[in-house]
Amino acid sequence: MSANSADAAALVEVVLVKSGRTKIRYPAELLADDGTRIAVRAPWAGAGVRDFGFVRFEAGDVFTEYYWRDRWYAVKEVRSATGALKGWYCDITRPTRRSDADLVVEDLDLDLWRSADGTDVRRLDEDEFADSGLARTDPEAAARALAALV
């Protein structure tokens, strides 16, 4: 196997789906897949800077992302371009599916942030979750999403 095919084998596309539509898709380096947990690393894939007021995601940031096939969340360790730990972002999701080179993640609108020093823990987007209607259309999924925040 050539170095190029080895490099290609170590890449996946993270496909974040929200409300049935692809919200973002980006390449990531596959670090591990033990059949239950998948770990990838990718640079900040958003357009420009995303300033939440309590943390900024920007060019040069590196995300080490952990996805599970049997859990209703994904955890992303966020580091600056210099390697300084910013914190952890937790997306509440359906269990992740991997299909060939795609890692499909269905975002359920709820998020959690924990700062690097642990002093700032925030539940995010609870209004979006309520507005999504998931509690009405899929009450079991809504209950699992809320339980994942605990």
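Start by selecting D125 in this predicted model. D125 is partly exposed, with a relative accessible area of 23%. That puts D125 a little past the 20% under which a residue counts as buried. You'll find D125 in the loop between β11 (121-124) and α2 (126-132). Check the backbone while you're there: D125 isn't a glycine, yet its phi is positive, at about 65 degrees. Most residues other than glycine have a negative phi.

Now jump to D109, which also has a positive phi without being a glycine, this time near 80 degrees. Is D109 buried or exposed? Its relative accessibility is 8%, so D109 counts as buried. And rather than sitting in a loop, D109 belongs to strand β10, residues 102-115.

Stay on β10 and select W113, which is found in that strand. W113 counts as buried because its relative accessibility is 1%. Show everything in contact with W113, skipping residues up to four places away in sequence, and you get F54, V55, F57, V78, K86, G87, W88, Y89, D120, V121, R122 and L124. Pick V55 out of that set and draw a C-alpha to C-alpha distance: V55 and W113 are 58 residues apart along the chain, and the two atoms are separated by 9.3 Å.

K86 is a handy stepping stone, since K86 touches W113 and also touches S80. Select S80 next, in the loop between β7 (73-79) and β8 (85-93). At 16% relative accessibility, S80 is under the 20% cut-off and so counts as buried. Which residues does S80 touch, leaving out those up to four places away in sequence? They are G60, D61 and K86. Add T82 to the view as well: the side chains of S80 and T82 are joined by a polar contact of 2.8 Å.

**Into the core**

Next, colour the largest nonpolar core, which has 13 residues. Which of them touch the most other members? V14, A28, I38, V40, Y67 and L103 do. Two or more core residues come from each of β1 (11-18), β2 (21-33), β3 (37-43) and β10. There is also a second, separate core of eleven residues, and I92, L134, A141 and L149 are among them.

Centre on V14, in strand β1. V14 is buried, with a relative accessible area of 2%. Beyond residues up to four places away in sequence, V14 touches I24, R25, Y26, A28, V40, E65, Y67, L103 and V105. For a sense of scale, go from V14 to R79: they are 65 residues apart in sequence, and their C-alpha atoms are 18 Å apart in space.

From V14, step across to V40. With residues up to four places away in sequence set aside, V40 touches V12, V14, A28, E29, L30, L31, F63, T64, E65, Y67 and L103.

L103 and Y67 lead on to T96, which is in contact with both. The rest of T96's contacts, outside its neighbours within four places in sequence, are W68, R69, V104 and V105. T96 is in the loop between β8 and β9 (97-99). Despite being in a loop, T96 is buried, with a relative accessible area of 3%.

**Empty space**

Switch on a cavity display. How many cavities of 30 Å³ or more does the structure hold? It holds one. The largest cavity has a volume of about 40 Å³. To see its walls, select V14, L16, Y26, Y67, A74, K76, D91 and V105. β1 and β7 each supply at least two residues of that lining.

Then look at the pockets. The largest pocket holds about 440 Å³ of space, and 23 residues line it. Nearest its centre are L16, K23, W44, R50 and K76. L16 and K76 should be in your selection already, as both line the largest cavity too. The elements giving two or more residues to the pocket lining are β1, β2, β3, β6 (62-68), β8 and β10.

**Last stop: confidence**

Finish by colouring on pLDDT. The chain's mean is 92, and 94% of its residues reach 70 or more. Where does the pLDDT fall below 50? Select residues 1-8 to see such a stretch. Beyond near neighbours in sequence, residues 1-8 have one contact in the model.

Note on methods:
Residues are numbered from 1 along each chain as its sequence is written. Side-chain values use heavy atoms; hydrogens and water are left out. Helices (H or I, at least four residues) and strands (E, at least two) are DSSP runs, numbered from the N terminus. Buried means under 20% relative accessible area, exposed over 50%, partly exposed in between (1.4 Å probe, protein chains only). A polar contact is a pair of N or O atoms within 3.5 Å; within protein, one must be able to donate a hydrogen and the other to accept it, and residues adjacent in sequence count only if both atoms are side-chain atoms. Contact means heavy atoms within 4.5 Å. A nonpolar core is a set of buried Ala, Val, Leu, Ile, Met, Phe, Trp, Tyr and Cys residues joined through side-chain atoms within 4.5 Å. pLDDT is the predictor's confidence in each residue, from 0 to 100. On a 1 Å grid over the protein atoms alone, a cavity is a set of points where a 1.4 Å probe fits but cannot get out, and a pocket is an open set with protein on both sides within 12 Å along at least five of seven lines; lining residues have an atom within 4 Å of a point. Grid points are joined across faces, edges and corners, and a volume is the space filled by probe spheres set on the points.
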